[in-house]
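User: I'd like to learn how to read a fold from its strands and helices. Could you walk me through one?

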Amino acid sequence: MSFFEKVGLRRSRSADSAKERLQLVLVHDRAGISPGKLSALKDDLIDVISRHLEIDTENVEITFTREREQQRLVADIPLAPTHRRRRVAP
Amino acid sequence: MAATIVTITSGKGGVGKTTATANLGVALASMGLRVVCIDADIGLRNLDVVMGLENRIVYDFVDVVEGRCKLRQAMIRDKRLENLYLIPAAQTRDKTAVSPQDMVRLGNELREDFDWVLVDSPAGIERGFRNAIAPADAVLIVTNPEVSAVRDADRIIGLIEAEEKGPGRLILNRVKPEMVKRGDMLATEDILDVLAIELIGIVPEDEKVTVATNQGVPIALDPRTRAGSAFRNIARRLTGEEVPFENMDDHDGFFGRISRLMRAGGEG
């Protein structure tokens, strides 16, 4: 705790960590998958894709989105930075 | 006019479901509406003591379901408000003594004679909860500004939507404005952001609620108390009236404002 927090001039803001932790835990609650299982899924996904493509395994992101009734698993899988691709006109 | 059946639930225990039910009952009845509160927490009866009617119980809800008495005989009239009634839970039985169909049947029977039927749900997501939401036209979810209570509220919101009882509205209970201001308690906006649900009311932490419960006199009977007035506002919103949400910051005095100015200066 800093001097400013002690004298009440700066917030300790534990509410911020409450919100962040809630948002994380609710992602798993809502999808019905534990953090461990999600991480296993991510590893499997990386294995499978890596067999076909060179990907940036460090930056793979698996998230859930929810729109009304529809839940969606979204995988953001960047290709390896060294991978040179020809730019395609839009 | 047929009654609207509203179930008050939460998932987590101890967040104030029973207090909310009793006070909404009192608040609606004070508006001249005919109200009956049902304690659906079979085996853990409590709405009777919160309403101060524990000494008048002869029959309970399970007696009605099992045909030992007429519905009218299990209805206890409030001491202070003549258009407010309680149907107590059985204390010596468990949740399996009643089925969701029993609840629907009971609710429909009550619809004709009342404007509002309030069902106090037990904690949890099992049989008791299923019973409590079965007859509901609308659901109110009570939570506190705490990680565990909000998480459970999210689970309940999901279950209510799955049962097509949704979307439900949120009562945020036991808010401490001072802690919110310091950033040490989840703010209303944070909770609404996380839960994506409509708010129906914010009830500040108020020691007078404990005093009221000690005496069996629901706080909403006294509109001058902060919690009592918050419950009365929720009741008005329930009836469709547009009542602005209380600004929890209104209560900070001179020092609150000064310290906020200093904080803003320090961080800017």
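Analyst: Let's go through the sheet, a helix packed on it, and one residue. Keep in mind that this is a predicted model.

User: Fine. What is the strand order of the open sheet in chain B?

Analyst: The general idea first: strands of a sheet pair through backbone hydrogen bonds, either parallel or antiparallel. Here, eight strands of chain B form an open sheet in the order β3-β4-β2-β5-β1-β6-β7-β8, and the pairing is mixed. At the edges stand β3 (76–77) and β8 (198–204) of chain B, each with a single partner strand, so one side of each has no neighbour in the sheet.

User: And which strands does β1(B) pair with?

Analyst: Strand β1 (residues 4–9) of chain B runs parallel to β5 (residues 116–120) of chain B, joined by five bridges. With β6 (residues 138–143) of chain B, β1(B) also pairs in the parallel sense, over four bridges. Take B:Val6 as a handle: B:Val6 sits opposite B:Leu118 in β5(B) and opposite B:Ala138 in β6(B).

User: How many of the six residues of β1(B) are buried?

Analyst: Five of them, so to speak of β1(B) as mostly covered is fair.

User: What about β2(B) and β4(B), how many bridges join them?

Analyst: Four, between β2 (residues 35–39) and β4 (residues 84–87) of chain B, and the two run parallel. In this pair B:Val36 stands opposite B:Tyr85 in β4(B). Helix α1(B) packs on the sheet, touching β1, β2, β4, β5, β6 and β7 (169–175) of chain B, and its direction makes about 165 degrees with that of β5(B).

User: Now helix against helix. At what angle do α1(B) and α11(B) pack?

Analyst: Two packed helices are described by the angle between their axes and the distance between the axes. For α1 (residues 17–30) and α11 (residues 226–238) of chain B, the angle is about 65 degrees and the axes are 8 Å apart. That makes α1(B) roughly perpendicular to α11(B). Their crossing is right-handed.

User: Which residues meet there?

Analyst: From α1(B) come B:Asn23, B:Leu24, B:Ala27 and B:Leu28, which meet B:Phe231, B:Arg232, B:Ile234 and B:Ala235 in α11(B). The contact residues divide into six nonpolar, one polar and one charged.

User: Last one: why does B:Val104 count as partly exposed?

Analyst: Because B:Val104 has 15 C-beta neighbours inside 10 Å, whereas 20 or more would make a residue buried and 12 or fewer exposed. B:Val104 lies in α5 (residues 100–111) of chain B. Leaving out residues up to four places away in sequence, B:Val104 touches B:Ala134 and B:Pro135. The C-alpha atoms of B:Val104 and B:Ile133 are 9.2 Å apart, with these positions 29 residues apart along the chain.

Methods
Residues are numbered from 1 along each chain as its sequence is written. Chains are lettered from A and ligands numbered from 1 in the order in which they are written. This is a predicted model: local features need pLDDT of at least 70, side-chain atom pairs count only at pLDDT 80 or more; totals for chains, interfaces and linings use all residues. Axes are lines fitted to C-alpha atoms, for helices over the stretch in contact, and angles run from 0 to 180 degrees between N-to-C directions. Angles under 35 degrees count as roughly parallel, over 145 as roughly antiparallel, 65 to 115 as roughly perpendicular and the rest as oblique. A crossing is left-handed if the near helix is turned anticlockwise from the far one by less than a right angle, and right-handed if clockwise. Two residues are in contact if their C-beta atoms, placed from the backbone, lie within 7 Å. Ala, Val, Leu, Ile, Met, Phe, Trp, Tyr, Cys and Pro count as nonpolar, Asp, Glu, Lys and Arg as charged, and the others, Gly among them, as polar. Two strands pair if DSSP finds at least two bridges between them.
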